[in-house]
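Visitor: Got a minute to go through this one with me? I'd like to start with the cysteines.

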Amino acid sequence: MCGIVGIVSTEPANQQVYDSLLLLQHRGQDSTGIATADGSMFHMHKARGQVREAFRTRDMRALLGNMGVGHVRYATKGDAANEQESQPFYVNAPYGIILVHNGNLTNTRELTEDLFRIDRRHMNSTSDTEMLVNVLATELEGQISGRELTPDQVFAAVSQVHERVEGSYATIAMIAGQGLLAFRDPWGIRPLVLGRRTAAGNDRDEWIVASESLVLEAGEYEVVRDVAPGEAVFITLDGQLFSQQCARSPRLVPCSFEYVYLARPDSIMNGISVYEARLRLGDRLADTVTRYTEAGDIDVVMPIPDSSRPAAMNVAQKLGIEYREGFYKNRYVGRTFIMPGQAQRKRSVRQKLNAMSSEFRGKNVLIIDDSIVRGTTSKEIVDMARHAGANKVTFASAAPPVRFPHVYGINMPSRKELVASGRSIPEVAQLLGADNLIYQSVEDMKSAILEGQSEITDLEMSCFTGEYVTGTVSEEYLAWVEATQLS
């Protein structure tokens, strides 16, 4: 999971990209980067840490030009501590390309071999984004027949990228002196939204492409639409937009975890409001809570702030039980799920949350969280509720048990780390220290997210079901991922 943005403007793009990345900070906190294009000249700055830490006034002044891309990184491939693996990535031919990417490629072993032996390209990192920009560069070079680059040549190159690359990828690239290219994998697993506004003082269109719609709304862009799965969008330097479907059999199957946890609630992706989806998850969860708890066994419903709050509110409303905020969140600590390493996650839980004894003492508490992945956070939360004086702790997850690795851009590479993998629900409850543990069913999660949708009939739910939508993920590949990648 990462956050990406690309802008073609009539004014300097640096501040616009920076402001957009601040709004996408929840999608990645390991590192960040901005690149701009001033004619055919690129300027780039990237660093470890969050956006406010990484850019100084001198860095921003050096980012010249009216076209730009930006990235916030949550490492799912490569080394989180290696600044050289921060995005954007650059290749100098053809023309010069700078690229940012959200997702995971699942055929990196084959690509590594092909890029060296066939394309004759050197990889200087283990990042799949560096592979992606080099594949794009090779295919684009193969399409160029004259001095001018045409949209048709760009789209033909993207079609070849789809043929060579497997996995999930929402991608934005700048081509020096030519324009901005955005494309999405044939399944549309990771989000990408297109927006437009009219430049002040003239009638020229300005364009933005970003991971979430809230970025567009904050910049006063009109949300045009989502980039379709398999589609490529090319925007020239003077604001002309061209688009074309570049995949053979595209099918929209967006990631369910975006709606459960990853995205901000004020975003709309693939026509689905994240906030409303989470409210509906609460409605479905309330029915399950009713089936598995005794009447009068719960005094109060409490969310783990912030992403579980909509679900918890609807659980409380539907059950007719008091809703209370028992945990206070320190907003200066990042999201524990996307922190690298179990030790850092565990240490950060107590820094991030504090349980208020007045809300817990002597009560039977139903705690709602968006999901339970490794169990690190959940166990600490149950312990905090106990120490705050809770009489009984029921823990409920608005998502189903996470039992399988996620290979499409979320950092869940190993079944050994997943608390529900190979365990029954009572066994997980015992590990967490909860008196009772309740999970959402897969069917209820799917119906809650897709309610009212006609165009989307399925979701990417591999971490819950073990079914990988691209059809190219084998047991051998999962074993290799578990052996070679750290969370």
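Guide: We can take the cysteines, then the helix packing, then a few single residues. This is a predicted model, in which local features need pLDDT of at least 70 and side-chain atom pairs count only at pLDDT 80 or more, while totals for chains, interfaces and linings use all residues. Residues are numbered from 1 along each chain as its sequence is written, and side-chain values use heavy atoms, with hydrogens and water left out.

Visitor: OK, how many disulfides in the whole structure?

Guide: Zero, after a search of the whole structure; a disulfide here is a pair of cysteine sulfur atoms within 2.5 Å.

Visitor: Why no bond for Cys2?

Guide: Because the closest cysteine sulfur, in Cys255, is 13 Å from the sulfur of Cys2, too far for a bond. Cys255 is in no disulfide either, and its nearest cysteine sulfur belongs to Cys463, 6.8 Å away.

Visitor: And Cys255, buried or exposed?

Guide: Cys255 is buried, at 1% relative accessibility. Cys2 is buried as well, with a relative accessible area of 5%. Buried means under 20% relative accessible area, exposed over 50%, and partly exposed in between, with a 1.4 Å probe and protein chains only.

Visitor: Helices next. At what angle do α4 and α5 cross?

Guide: Roughly 50°, with the axes of α4 (residues 108-117) and α5 (residues 128-143) coming within 11 Å. Axes are lines fitted to C-alpha atoms, for helices over the stretch in contact, and angles run from 0 to 180 degrees between N-to-C directions. Helices (H or I, at least four residues) and strands (E, at least two) are DSSP runs, numbered from the N terminus.

Visitor: What do you call that arrangement of α4 and α5?

Guide: Oblique. Angles under 35 degrees count as roughly parallel, over 145 as roughly antiparallel, 65 to 115 as roughly perpendicular, and the rest as oblique. The crossing of α4 and α5 is left-handed, meaning the near helix is turned anticlockwise from the far one by less than a right angle; clockwise would be right-handed.

Visitor: Which residues meet there, between α4 and α5?

Guide: From α4, Thr108, Leu111, Thr112 and Leu115; from α5, Asp128, Met131, Asn134 and Val135. These divide into four nonpolar, three polar and one charged. Ala, Val, Leu, Ile, Met, Phe, Trp, Tyr, Cys and Pro count as nonpolar, Asp, Glu, Lys and Arg as charged, and the others, Gly among them, as polar. Contact means heavy atoms within 4.5 Å.

Visitor: How does α5 pack with α6?

Guide: At about 135°, with the axis of α5 8 Å from that of α6 (residues 151-164). The pair is also oblique, and the crossing of α5 and α6 is right-handed. The α5 side includes Leu132, Val135 and Leu136, and the α6 side includes Gln153, Val154 and Ala156. That contact has eight nonpolar, four polar and two charged residues.

Visitor: Switching topic: where is Glu258?

Guide: In helix α8 (residues 256-262). Glu258 is buried, with a relative accessible area of 2%. Leaving aside neighbours within four places in sequence, its contacts include Arg27, Arg190 and Arg278.

Visitor: Last one, Phe404. Where does it lie?

Guide: Phe404 is in the loop between β21 (392-397) and α14 (425-432), and is partly exposed at 27% relative accessibility. Its C-alpha is 33 Å from that of Asn391, 13 residues apart along the chain. Not counting residues up to four places away in sequence, Phe404 touches Cys463 and Tyr468, among others.
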